[in-house]
Amino acid sequence: MQDPAYFIVSFDRTAATMEAERLFKARGIDHAIMPTPRAVQASCGLSIRFSPEDLEQVKEMIGAALEEGIFHFYQAVKDNGHTSFQQM
Amino acid sequence: MFIMAGDGDARKSGFIRMKELKDEGRRVVGTYCSYTPVELIEAAGAVQATLCAVSQDGVLEGEKTLPQNLCPMVKASYGMAASDKCPYFHFSDMVVAETTCDGKKKMLEFLSELRPTHVMQLPQGLSSDEAVNFWTNEMHRAKDAIERTLGVEITEEALHEAIRRNNEERRDMLEIYSVGQLEPCPVSIREFCEAMDGAGFAFDKGATVHRMAERAREIKEEALRNGAILTGKGVARGKSKKPRILITGCPNVGVREKILYALEDAGASIVAFDSCNGVKTMREMVAEEGDPYRAMAEKTLKANCSVMSPNPGRYVSLKEACEEFGIDGVVEIVLQFCHTYAIEAVRIGKFVREELGLPYLELTSDYSDSDQAQMATRINAFVEMML
């Protein structure tokens with residue numbers, strides 16, 4: 001039984017993570033900074049986690065503000081208690 | 001049994017904690033080496049952060065600017081900082097580093113273009129009192145630079161308190177390392193490394209290390225009740241259940257998987273480190289009486305790093321560690337292009353084989369996985385020989 005639990009966006013540069021966090025706060029979108037999961041390789045080590053219902057808004061917001069190629073979206077899927085990440 | 005960090009990836013959890021501290025207005029000082037007087041940073045009210053220097057990703061970034069034939073640690077230090085992939089560097093208000101080796105000191109010239117960087121000039125040898133006088137003066141220069149850059153005052157009182165607290169932490173670390181004296185050793189190297197990361201990247205480090213030291217005492221008591229013995233100089237015992245290995249040489253965090261974990265997978269037990277992340281930097285305390293600057297200088301100069309010429313203290317420390325931890329074999333890790341450790345390895349190898357009568361293996365490697373199979377073959381042969 002698969003359930004799309006949440007989404008994360010990871011960044012290649014720490015400054016990009018900080019800029020994205022500022023945008024999440026400014027728009028009032030529920031989010032949490034988290035260590036990038038081990039399964040997700042390309043990253044500065046920090047990611048931002050958010051809810052599935054905010055996906056379109058977040059993609060539009062990040063895409064408009066940050067350079068293409070330095071951010072990566074992943075879908076976290078929980079399957080029998082195990083969380084895996086699929087790149088979008 | 002030792003694990004403290006929530007998800008077993010302490011370095012990344014530390015990033016979050018670091019960001020929280022920055023949000024609270026704390027100042028951060030990034031460092032690389034055990035020659036850095038952490039007491040000065042603590043006395044300035046700042047948080048000390050060990051900067052990223054151990055990934056192949058960082059090496060590739062570093063090679064965009066620096067020559068390829070440099071040690072991977074130097075290339076990764078610069079690469080992670082310049083590509084903004086090291087959050088600890090990102091949040092650092094300044095860096096305090098040393099002219100430890102040629103590669104590092106020239107790399108720091110580039111790093112100083114990215115962040116205010118204070119470079120402490122390290123003496124090249126310890127054969128006269130002049131080295132201690134010179135290094136004491138460097139402690140004063142570092143104090144002035146930290147005060148000026150962070151806009152703070154480092155008081156004698158705060159410095160004495162920082163010295164006392166860090167000594168306590170060193171004693172706790174020695175207690176943790178002493179678990180390795182148990183035969184058989186109940187803690188795997190994977191577990192030990194993760195626990196050390198948990199301590200290294202915790203920003204309430206003193207309390208975390210203290211809890212781990214208490215746990216170490218419990219582990220020892222339990223093991224001894226169950227028939228384990230505590231190795232030490234002159235302690236008679238039979239053949240080890242698994243060959244007991246001491247790791248010496250260059251910093252080894254970047255080659256954990258292909259060397260440390262491979263040794264354990266081959267059937268050995270890593271019980272002691274005589275490198276920067278081992279007992280040798282913890283044994284010496286900073287004197288709590290007298291001039292604190294001279295005391296910090298005297299302590300840090302006892303790191304027995306191969307950059308010192310000559311470096312007689314390393315042989316004494318290695319012999320003591322081999323006796324204390326009941327060592328069956330010594331593995332020296334040399335990072336490619338680290339000339340001082342590579343050259344010293346010739347004499348260390350002779351010393352270990354002839355004076356200590358122990359098998360010795362020198363492995364030269366880097367952070368890539370291109371020599372993984374070659375390392376595994378040599379490691380397997382070395383361990384098999386001791387079984």
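Two residues are taken to be in contact if their C-beta atoms, placed from the backbone, lie within 7 Å. With that in hand, the packing of this predicted model can be followed, starting in chain B with helix α13. The buried residues of α13(B) pack against α2, α7 (129-150) and α8 (156-177) of chain B. They comprise Pro292(B), Tyr293(B), Ala295(B), Met296(B), Ala297(B), Lys299(B) and Thr300(B). Because seven of the nine residues of this helix (residues 292-300) are buried, α13(B) is largely enclosed by the rest of the structure.

The loop between α13 and α14 (313-324) of chain B deserves a look of its own. Pro310(B) lies in this loop, and the peptide bond that leads to Pro310(B) from Ser309(B) is cis, with omega near -5°. The loop between α13 and α14 of chain B also holds Asn304(B), which is not a glycine yet has a positive phi of about 55°. Asn304(B) counts as buried because 23 C-beta neighbours lie inside 10 Å, where 20 or more are needed. For background, most residues other than glycine have a negative phi, and most peptide bonds are trans.

Similar backbone details appear elsewhere in chain B. A cis peptide bond, with omega near -5°, runs from Glu183(B) to Pro184(B), and Pro184(B) is placed in the loop between β5 (182-183) and α9 (189-200). Asp84(B), in the loop between α4 and α5 (87-90) of chain B, has a positive phi, near 60°, in a residue other than glycine. Asp84(B) is counted as buried because it has 21 C-beta neighbours inside 10 Å. Asn69(B), by contrast, is exposed, with 10 other C-beta atoms within 10 Å; Asn69(B) sits in the loop between α3 (56-62) and α4 (72-82) of chain B. Its C-alpha atom is separated by 30 Å from that of Glu194(B), 125 residues apart along the chain.

Helix α15 of chain B (residues 339-355) offers a simple check on length. At 1.5 Å a residue, its 17 residues should span 24 Å, and the end C-alpha atoms are indeed 24 Å apart. The helix does bend, by about 35° at Ala345(B). Ala345(B) is also among the buried residues of α15(B), together with Tyr341(B), Glu344(B), Ile348(B) and Val352(B). These buried residues pack against three strands of chain B, namely β7 (244-249), β9 (329-335) and β10 (360-365). In general, residues three or four places apart in an α-helix point the same way, because there are 3.6 residues a turn. Just after α15(B) comes Gly357(B), with a positive phi of about 70°.

Strand pairing is seen in both chains. In chain B, strands β1 (residues 28-31) and β2 (residues 47-50) run parallel and are joined by four bridges, with Val28(B) partnered by Val47(B). Together with helix α2 (residues 38-43), β1(B) and β2(B) make a right-handed β-α-β unit. In chain A, strand β4 (residues 71-79) and β5(A) run antiparallel, joined by six bridges, and Ala76(A) stands opposite Phe85(A). The two strands of chain A form a hairpin with two residues between them, and Asn80(A) in the turn has a positive phi of about 50°. Strand β5(A) (residues 82-87) lies largely in the open, because the number of its six residues that are buried is zero.

Finally, the two chains meet. Chain A gives eleven residues to the contact and chain B gives ten residues. On the side of chain A that touches chain B, α1 (14-27) and β2 (31-35) of chain A each supply at least two residues. The residues of that side divide into five nonpolar, three polar and three charged.

Definitions and conventions: Residues numbered from 1 in each chain as written. Chains lettered and ligands numbered in written order. Predicted model: local features only at pLDDT ≥ 70, side-chain atom pairs only at ≥ 80, totals over all residues. Expected span 1.5 Å × (residues − 1). Bend = angle between axes of the 7 residues up to and from the residue. Buried ≥ 20, exposed ≤ 12 C-beta atoms within 10 Å, placed from the backbone. Nonpolar A, V, L, I, M, F, W, Y, C, P; charged D, E, K, R; others polar. Pairing = 2+ DSSP bridges. Right-handed = clockwise from strand over helix to strand, strands pointing away.
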